[in-house]
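Grab a pencil and let's work through some exercises on a protein model. Try each task yourself before you read the solution under it.

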Amino acid sequence: AASVPQRLRRWGVWVGMRPRAVAAASVGVTLVLGAALLFRPLTLLRDPVELWAQPGSRSARDKALFDAEFGPFWRTEMLVVGPGG
């Protein structure tokens with residue numbers, strides 16, 4: 001059983017001896033994943049609460065009640081990219 005550094009060294013040597021194959025594989029993976037975006041485009045989430053709780057869930061209702069009674073606890077500004085649909 002080879003240690004992790006030995007395995008990484010072997011992998012590095014293998015990659016170093018085949019730069020064209022590694023570059024072609026990288027381009028191929030990039031094209032396949034890019035083509036997948038044609039079938040399932042990404043959407044932008046602007047409300048981080050959508051990441052934490054499903055709409056209509058108890059935690060979402062509790063947060064809405066808290067915000068209505070006490071005002072928002074904090075304001076977060078972020079942009080999240082996720083799968084569409």
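Below are six exercises on this predicted model, each with a worked solution.

**Exercise 1. The overall layout**

Task: Work out how many helices and strands the protein has, and in what order the elements run from the N terminus.

Solution. Start with the tally: the protein has 4 helices and 2 strands. Next, walk along the chain from the N terminus, and the elements read α-α-β-α-α-β. Now turn to contacts with a separation of 6 or more: 69% of them join residues 24 or more positions apart. Finish with the surface. Only residues under 20% relative accessible area count as buried, and 9% of the 85 residues make that cut. The accessible surface adds up to about 7,600 Å², with carbon and sulfur atoms supplying 65% of it.

**Exercise 2. Helix H1 and its nonpolar patch**

Task: Find which residues form a nonpolar patch on the surface, and decide whether Val4 is buried or exposed.

Solution. Begin with the helix. H1 covers residues 4-17, and Val4 is in it. Check its length: 14 residues at 1.5 Å a residue should span 20 Å, and the end C-alpha atoms are indeed 20 Å apart, so the two agree. Then count the buried residues in H1: the number is 0, so the helix lies largely in the open. Val4 goes along with that, as its relative accessible area is 57% and it is therefore exposed. Now for the patch: Val4, Leu8, Trp11 and Trp14 make it up, and together they offer about 480 Å² of accessible area.

**Exercise 3. Salt bridges in helix H4**

Task: Find how many salt bridges the whole structure has, then say how far apart the closest N and O atoms are in the one between Arg58 and Asp62 and the one between Lys63 and Asp67.

Solution. Keep one idea in mind: side chains of opposite charge can pair when their charged atoms come close. The search of the whole structure turns up 2 salt bridges. The cut-off is a nitrogen-to-oxygen distance within 4 Å.

- Arg58 with Asp62: the closest N and O atoms are 3.6 Å apart. Both residues sit in helix H4, which covers residues 58-70, and they are 4 residues apart, or about one turn of the helix. Arg58 is exposed at 61% relative accessible area, while Asp62 is partly exposed at 40%.
- Lys63 with Asp67: here the closest N and O atoms are 2.5 Å apart. This pair is separated by about one helical turn because the two are 4 residues apart in H4. Lys63 counts as partly exposed at 30% relative accessibility, and Asp67 counts as partly exposed at 24%.

**Exercise 4. An aromatic pair**

Task: Work out how the rings of Phe66 and Phe70 are arranged.

Solution. First the count: there is 1 aromatic pair. It is made by Phe66 and Phe70, whose ring centres are 5.0 Å apart, with 45° between the planes. Planes under 30 degrees apart would be stacked and planes over 60 would be edge-to-face, so an angle between those limits is called tilted. That is the label for Phe66 and Phe70. These two are 4 residues apart in H4, so about one helical turn separates them. As for exposure, Phe66 is partly exposed at 35% relative accessibility, whereas Phe70 is exposed at 65%.

**Exercise 5. The span of H4 and what comes after**

Task: Compare the end-to-end reach of H4 with the expected span, and find which residue just after H4 takes a positive phi.

Solution. H4 has 13 residues. From its first C-alpha to its last it reaches 18 Å, close to the 18 Å expected at 1.5 Å a residue. Step just past the helix and you get to Gly71, whose phi is positive at about 90°.

**Exercise 6. Sequence distance against space**

Task: For Thr43 with Pro83, and for Lys63 with Val49, give the separation in sequence and in space.

Solution. Take Thr43 first. It lies in strand E1, residues 42-45, and is partly exposed with a relative accessible area of 32%. Thr43 is 40 residues from Pro83 in sequence, and their C-alpha atoms are 5.9 Å apart. Now go back to Lys63 in helix H4. Lys63 and Val49 are 14 residues apart in sequence and 9.0 Å apart in space, C-alpha to C-alpha.

Key:
Residues are numbered from 1 along each chain as its sequence is written. This is a predicted model: local features need pLDDT of at least 70, side-chain atom pairs count only at pLDDT 80 or more; totals for chains, interfaces and linings use all residues. Side-chain values use heavy atoms; hydrogens and water are left out. Patches are made of residues with over 30% relative accessible area and no salt bridge: like charges are joined within 9 Å, nonpolar side chains (Val, Leu, Ile, Met, Phe, Trp, Tyr) within 5 Å. Accessible areas come from the Shrake-Rupley method with a 1.4 Å probe; for residues, only the protein chains shown count as cover. A salt bridge is a side-chain nitrogen of Lys or Arg within 4 Å of a carboxyl oxygen of Asp or Glu. Buried means under 20% relative accessible area, exposed over 50%, partly exposed in between (1.4 Å probe, protein chains only). Contact means heavy atoms within 4.5 Å. Rings of Phe, Tyr and Trp (its six-membered ring) pair if their centres lie within 6.5 Å; planes under 30 degrees apart count as stacked, over 60 as edge-to-face and the rest as tilted. The expected span of a helix is 1.5 Å times one less than its number of residues.
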